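Please look through the sequence and the structure shown below. The paragraphs that follow lead from one part to the next.

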Amino acid sequence: MEVLAREAIERGLALGASYVDARVERIASESLVVRNDRLTEVAAREEFGLAVRAWVDGAFGFAAAPLALEDAATARALAERAVRLGRILAPARARRADWSALDPTKGEPAVGEYTTPVAIDPFALSDAEKLEPLRAACAALGGDAGVTAREATFACRSRRQWFASSEGAAFHQELVRTGAGIAATAACHGEVAVRSWPASYGGDHQPGGFERVQEFELLQHAPRVRDEALALAAAPTCAAGTRDIVLSSNLVMLVIHETVGHATELDRVLGAEADLAGHSFADVDARGVLVYGSPWVSLHADSRAAADPREHGLDTRGIDDEGVRAERWSLVHAGRFVDFQSSRETAHALGSRASHGCARAQSWYHPPIVRITNVSLAPGAWDFDELVRDTGDGLLLDGVKTWSIDEARRNFQFTAELGWELVGGTKRRLVRTPTFTGDTLGFWRSCDAVCSPAHFRMWGITNCGKGNPVQDGEMSHGAAPARFRGVRILAG
Amino acid sequence: MTLDRDEALALARELVGMSPAAETEVTVESTVDRFVRYAQVGPTQAADRERVDVAIRVRVVRNGACGEARAEASTLERATLRHTLAHALELAEASVAPGAVVPFGGPVEVEESAAAPNTLAHGFEAKADAVQKALAVAGAHGLEPAGLFQTLATSRALVNSAGRAVFGATSRASFSLVASSESSSGFADTLDADVARLDVDGTIARAVDDALRSRNPRALEPGSYEVVLAPHAASALLLFFAYEGFSARALAERTSFLVDRVGTQVVGSDFTLVDDARHPQNPGWLFDGEGTPRERLVLFDRGRALGPVSDRAHASWTGGRSTGHALPQPSAEGALPQNLVVAPGTASVDELLRRVERGLFVTHLHYVNPIEPHELVLTGVLRHAAWLVEQGRIVAPVAGLRFTDGLLRALGDLRGVGARVERASGSFDAEMATPALHLGSLEFTSTTRGT
């Protein structure tokens, strides 16, 4: 693989590019869905392709195509196309950065390898071993005619990547994720309610192998999930008002993703996403100045491998897709905004020589763009039960149902799967369709309690849409449950 | 170039012939994609790329029970594809379970669609010229530009062991510009199968004009406002009929708004919605993921709900027939209408606006998502240019409002339908064709002004 990447790089340099990088990628994925006891999806996919990026006269050209083993002709042809494209586009660049000034290497080119720790390889496991837990969990969601849809899902993906650049980078990494989930849909009493575990929309995904799915204990949770779906369909809708709310870590994950993750992507701040996803309320002068949240709010970005694999996320890796090594840095410290998430080019536009290594592509078919990495809220000191008691009257919300946020990442509206009315610090009754809305800064500034590390958990996202044309990104967010004061609740 | 008819069908037939499965279906799809994305600094991303996707769907029968699976590979290499077939067979063997299955469909007649030659041949020099023009015009007005010029062509062949063999090709060309000032933005795009029919100059002019006219917007309080929705704004709402409602699976599972409403008057009588892959303003594939010809289907007939759309499996369970709306099988998703078209009315947008006593003219809605499926309660925010309309006249630009409302309720007070149907994107990749709509009210529930 390295030979093919080198072939492309040498051809690109020979044609006049001042920088060339090449990614050879082999991607394998599997998905299984058992729905209402039918095996409705059994699918596998393999991709093998090459992406070549060439910096020519101040502009990037990018070319990509499927690859065959020892296909040096395709590698050279893609380099030629990438150089040609860069040369055509260069006159349209208003600002021609010198790529050599965009030091990505922090001293030395990235050379080495990284592999996601995997205990039970999901691709080596027999299909029956993967299917049986799904069938059992789906069956356990049954038993009541009010539940009209029962679903158990499994998915895994392996992305092997050989990256090389004309700066001397030569890195091999294999990123593996595995995920699963269950969901029950109750359609009764004239209402529809969905309850899921451990997360909605296909479950949760973790870096690693089948051992991560086993931790979800789908079968054990299935009866509770079914019963909560039925109870929600019969429950009253959540009343409008201003309430103190305790969010489960799963919902804090959503808030982090939408109001911090996307808002601090530097390409968005610089206007490069304005044609589709939007921009950001945070401007380039916000570093060190903007009060993002209360003193209890500290958020860090981290793409490095930690000592404990349970702290890994879906964007834990060795390098990004332009050869910048993984790192950990602070986004918000004790409420104050610290720094953005950047690529080489966007970091340079802000006067920095060093990228935080957030340039990533969905696959060999896609050019890298700035992506949210693993962004987590630092845990506090509260015990969860103690926090609920201390809240007194309010709402305890769990599970992601739907989300929406404006193009500047300022105003959001999120709906939880389930709400508990809290009265005197105890759960009084379930409420359906609890919807909370607010503005990013006001919401984070209203946070006055975060639960302890014992309640902290990483959540994987596999379908983060961004870019134009749109590409999917993967990352995780870690959070413990947290409390927010005086939040506006809409009528359910 | 994409694979041509003979190449694609030959490969699909070869793989079907190679398969020992009881039933085999092979889809061969190839895509050529050339795009330039740009912003203030000029081109920010550009790609000259192609891909091929071969999907092999097999069924095996063991002791009267059936197993079914799909395996895919992004290659034309025979050795890899033999491995893909073996993988599909292995997965199918593991999935064998009792229960009836619907046999693959036999031969059908489907007219062959073709990609536009101009779009296939369109190069990067012409894209760069258009981008530079957008940069120059926006810059001359002190506006920040961002946008995309893309040409895309795809061919698709499907062959199965029951004798079905269909082929088609499509193309899509698009140019868009978002022009932004400190306080406003204007969006315009031009879409067509044939790149020669794109109106780049007109698109640049419209985006710039909207951005300039909507500067310094007025902050309105949340509340109920009469609205005229331009096609992009209308499509952002109406596409949820496809996602949430018209699937036979959603109806069977009683999550669709169609539950107990099929055949009844659900929305205003001026509203007619069809799914039509042959419509000139929203053309699509003429066969579905199982190779079944796509039918033109009326989903709302003058406000009366019809449907749903189905695939072969759901049709057999309900005793009906497939309407040709299957996704690639086997799939956990239900059937999906993908070529929605709203029938035009007779009024121009200006005429619709003249009927507004006090309300909003909305060009775009952003990040619309569903909250409740039976009444199709949706939420989203205003984006790009929007205006306050009083006594039939545009009086001021507005911004910063979020709506939360039921689509069925809102369309129940449909007061007018525009005469000009436009192909418009709702959000991200989905598109449909619709004219402007005049609604008696839409509930705006919060402001987006922030702290």
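Leaving aside its neighbours within four places in sequence, Ala8(A) is in contact with Val20(A), Ala22(A), Leu50(A), Val52(A), Ala75(A), Arg76(A), Leu78(A) and Ala79(A). The model in which these contacts are found is a predicted one. Two of the partners, Leu50(A) and Val52(A), appear again when the largest nonpolar core is considered: together with Ala8(A), they touch the most other members among its 299 residues. Strand E2 of chain A, residues 38–56, supplies the largest share of this core, namely eleven residues.

Consider next a helix of chain A. Helix H9(A) spans residues 384–391, and Leu387(A), Val388(A) and Thr391(A) are buried in it. These residues lie on the same side of H9(A), because they cover an arc of only 100 degrees around the axis. A general property of helices helps here: an α-helix has 3.6 residues a turn, so residues three or four places apart point the same way. The buried residues of H9(A) pack against five strands of chain A: E9 (241–247), E16 (394–405), E17 (411–423), E20 (447–450) and E23 (482–490). After H9(A) comes Gly392(A), with a positive phi near 70 degrees.

Attention now turns to chain B. Its domain assignment gives domain 1, residues 5–207, and domain 2, residues 217–451. Between the C-alpha centres of these two domains of chain B the distance is 25 Å. How many residues of domain 1 of chain B are in contact with domain 2 of chain B? There are 25, and they meet 21 residues of domain 2 of chain B. On the domain 1 side of this contact in chain B, the elements giving two or more residues are strands E2 (42–62), E3 (65–73), E4 (144–160), E5 (165–180) and E6 (185–192) of chain B. The largest share of that side, four residues, comes from E6(B). By class, the same side has nine nonpolar, ten polar and six charged residues.

A single residue of chain B completes the path. Ala386(B) belongs to strand E14 of chain B, residues 377–390. Is Ala386(B) buried or exposed? Ala386(B) is buried, because 26 other C-beta atoms lie within 10 Å, and a residue counts as buried at 20 or more. Leaving aside neighbours within four places in sequence, Ala386(B) is in contact with Leu360(B), Phe361(B), Val362(B), Thr363(B), Pro397(B), Val398(B) and Ala399(B). Ala116(B), by contrast, is 270 residues from Ala386(B) in sequence and 35 Å from it in space, C-alpha to C-alpha.

Notes: Residues are numbered from 1 along each chain as its sequence is written. Chains are lettered from A and ligands numbered from 1 in the order in which they are written. This is a predicted model: local features need pLDDT of at least 70, side-chain atom pairs count only at pLDDT 80 or more; totals for chains, interfaces and linings use all residues. A nonpolar core is a set of buried Ala, Val, Leu, Ile, Met, Phe, Trp, Tyr and Cys residues joined through C-beta atoms within 7 Å. A residue is buried if 20 or more other C-beta atoms lie within 10 Å of its own, exposed if 12 or fewer, and partly exposed in between; C-beta atoms are placed from the backbone. Two residues are in contact if their C-beta atoms, placed from the backbone, lie within 7 Å. The arc is that of the directions from the helix axis to the C-beta atoms. Domain bounds come from an automatic or database domain assignment. Ala, Val, Leu, Ile, Met, Phe, Trp, Tyr, Cys and Pro count as nonpolar, Asp, Glu, Lys and Arg as charged, and the others, Gly among them, as polar.
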